[in-house]
Amino acid sequence: NVDPPQRCEKLLAYFESLSTKYPNEIDFQPDIFSYNSVISALAKAAKYDSSAARRAEALLLRIYDSSKKNKRVRPNTLTFSAVMNALAQSREEGSAERAEVLLRMMEKSYAKGARLMKPNVVCYSAIINAWAKSGKSGAAVRAERILNRMLEMYKATGDPDFYPNEISFNSAINCWSSEAESEPTAARRAELLVTRMKALHEEKFNDMQHRTRRRLKPNTRTWNAVMMAYVNSGADNAVSRCENILTNELENVYSDTGDTTFRPDA
C-alpha cells in the first residue's frame, strides 16, 4: 500500500512529467501550491516516518535552487515553516541544525528583497521546538538565542510577525527542562523565561496595535515545564519550589480569575 505522502509525491512527479512534455500548457505547470501540498503531507508524516522530513527538505531545496531560473515557482513562508516543523518532529540527528540553516536562508533571501520568504513567528518557533526535541547538550542555549533574536528583530522593526508567542517561550522552557539533569542552572533559567513572559505581557498592554501581547502569558503548560525542570534538577529546593508554583501560580490564579489556562492538570 502507498501511504498518502508517497501518493502525493507520485502525483507531483506525474504533474512534472506533463510539464516537461507540454511546456507551453499553463494548466500542466505545477505551482507553489502544488509543492506546498506535498511538503505539508510529508510534514504530517514526519512523526512516524523518519525519511519524511528529509524528503520534504530535499523538495524545498530543489524548488529553492530552481526558482533562480523559474520565477513562477518560488518557495514561500509556508514552504519553509512546513519543512522546519517536519525536521522538528523527526527528531533525527542534526535536524535542529538543518532547520536553522533553512532559517538563515530565509533571512538572507528576505533581506535581499524576497518578500515571499519572510520568516515569521511560526518559523522561529519551529526552530526552537526542533532544539527542544533534539536532546542535544547545549540545545537550550541555542533555543534561547533564537528567542532573543525574535525579540531583537521585533524591537528593531516593530513588526508583530517577529514577536514570540506562548509556543516560542514554552518550547524554550521545555529545552531547559530537558537539560536540568546535567545543567545546574537550567531550572532557574526556565523560571527566568517565565519572568520575561510576564514582563512582556504587561509592557504596553493597552497598545491594541500589538494584540499578540495579550496572548503572551504563562499558562499551565509553561509552569508544568518549569516544575519538571526542578524535578529533573534534583535540587534541594525542588519540592518546595514545585509546591510554591502549584499553589501560587496555578491554583490561586485559577481560583481568583477562573482563567482555565491556569487550571492545574493531572
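Student: Which residue's side chain does Arg98 meet in a salt bridge?
Tutor: Keep in mind that this is a predicted model. Arg98 sits in helix α5, and its partner lies in helix α3, 41 residues apart from it. The N to O distance is 2.7 Å, and the partner is Glu57.

Student: Is Glu57 buried or exposed?
Tutor: The cut-off for buried is under 20% relative accessible area. Glu57 has 12% relative accessibility, so Glu57 counts as buried.

Student: How do α3 and α5 run relative to each other, roughly parallel or roughly antiparallel?
Tutor: Helix α3 covers residues 52-66 and helix α5 covers residues 95-111; they pack at an angle of about 20°, with axes 12 Å apart. Angles under 35 degrees count as roughly parallel. So α3 is, relative to α5, roughly parallel.

Student: Which residues in α5 are met by residues of α3?
Tutor: On the α3 side we have Arg54, Glu57, Leu60, Leu61 and Tyr64. The residues of this contact split into five nonpolar, one polar and three charged. On the α5 side, the ones they meet are Arg98, Leu102, Met105 and Ser109.

Student: Where is the salt-bridge partner of Arg54?
Tutor: Arg54 in helix α3 pairs with Glu92, 38 residues apart. Their side chains meet at 2.2 Å, N to O. Glu92 lies in the loop between α4 and α5.

Student: Which residues are linked with Glu107 in a network of salt bridges?
Tutor: Start with one pair: Glu107 in helix α5 and Arg149 in helix α7 are 42 residues apart, and their side chains meet in a salt bridge of 2.8 Å, N to O. The network links Glu107 with Glu100, Arg104, Arg142 and Arg149.

Key. Residues numbered from 1 in each chain as written. Predicted model: local features only at pLDDT ≥ 70, side-chain atom pairs only at ≥ 80, totals over all residues. Heavy atoms only, no water. Axes fitted to C-alpha atoms, helices over the stretch in contact; angles between N-to-C directions. Helix = DSSP H or I, 4+ residues; strand = E, 2+ residues; numbered from the N terminus. Parallel < 35°, antiparallel > 145°, perpendicular 65-115°, else oblique. Contact = heavy atoms within 4.5 Å. Nonpolar A, V, L, I, M, F, W, Y, C, P; charged D, E, K, R; others polar. Salt bridge = Lys/Arg side-chain N within 4 Å of Asp/Glu carboxyl O. Buried < 20%, exposed > 50% of the residue type's maximum accessible area, 1.4 Å probe, protein only.
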